[in-house]
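Colleague: Please take a close look at one part of this model for me. I would like to hear about the charged pairs along one helix, and what lies around them.

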Amino acid sequence: MKKITIFAFAVILCFYLFPGAERSASASDEKHPIDAEVERRIEADYTTSSMLEAIQYGYEEWDKLLNKNYKALMQKMSKEQQEKLRASQREWIKFRDLEFDFNKDFFSDMGSLGRVTGLSLISDFVKERALFLGRYLSELEPL
């Protein structure tokens, strides 16, 4: 009980000393709408099949965003830059396919939790590339 009281006091003290801390933390922790929807779907039904469906939805949405960002980048770049991006994306796809093959093999004997974890990692892999391409795109946007 004493540890909880000390912890609660420390938390309250932090908010008193740094009143903007809770706002800045929540602003940086904002979820992307795709992640928020996946989370909402998982919270609605915690069964393995529903979790897999939710994560699959997220994967598909991240893949759509990846392709959207790629196409938008291609339209805004010079021919030389387009060639480099195209080559980069082709190599990323090769890497993705190898990674997905490894993932499938790695999680194959881990049961339902392994399937959920494996699919989640695959979705995160595509999410990372989608956001990476989006970052390039935002650098081309006027402020």
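Modeller: Here is a walk through helix α5 and its side chains, with a short look elsewhere afterwards.

This is a predicted model, in which local features need pLDDT of at least 70, side-chain atom pairs count only at pLDDT 80 or more, and totals for chains, interfaces and linings use all residues. Residues are numbered from 1 along each chain as its sequence is written, and side-chain values use heavy atoms, with hydrogens and water left out.

Helix α5 covers residues 79-107. Helices are DSSP runs (H or I, at least four residues), numbered from the N terminus. The structure holds 9 salt bridges. A salt bridge is a side-chain nitrogen of Lys or Arg within 4 Å of a carboxyl oxygen of Asp or Glu.

Start with E80 and K84. They form a salt bridge, with the closest N and O atoms 3.6 Å apart. E80 and K84 are 4 residues apart in helix α5, so about one helical turn separates them. Both are exposed. Exposed means over 50% relative accessible area, buried means under 20%, and partly exposed lies in between (1.4 Å probe, protein chains only).

Next come E91 and K94. Their side chains meet in a salt bridge at 3.2 Å, N to O. These two are 3 residues apart in helix α5, so again about one helical turn lies between them. K94 is partly exposed, at 49% relative accessible area. E91 is partly exposed too, at 47%.

Then look at R96 and D97. Their salt bridge has an N to O distance of 2.8 Å. R96 counts as buried, at 18% relative accessibility. D97 counts as partly exposed, at 39%.

Now turn to nonpolar side chains. F106 is also in helix α5. F106 is partly exposed, with 43% relative accessibility. Together with F102 and M110, F106 forms a nonpolar surface patch of about 310 Å² accessible area. Such a patch joins nonpolar side chains (Val, Leu, Ile, Met, Phe, Trp, Tyr) within 5 Å, from residues with over 30% relative accessible area and no salt bridge. The areas come from the Shrake-Rupley method with a 1.4 Å probe, and for residues only the protein chains shown count as cover.

Elsewhere, E37, R40 and R41 are linked in a network of salt bridges. S50 sits in helix α4, residues 48-76. S50 counts as buried, at 15% relative accessibility.

Key
Patches are made of residues with over 30% relative accessible area and no salt bridge: like charges are joined within 9 Å, nonpolar side chains (Val, Leu, Ile, Met, Phe, Trp, Tyr) within 5 Å.
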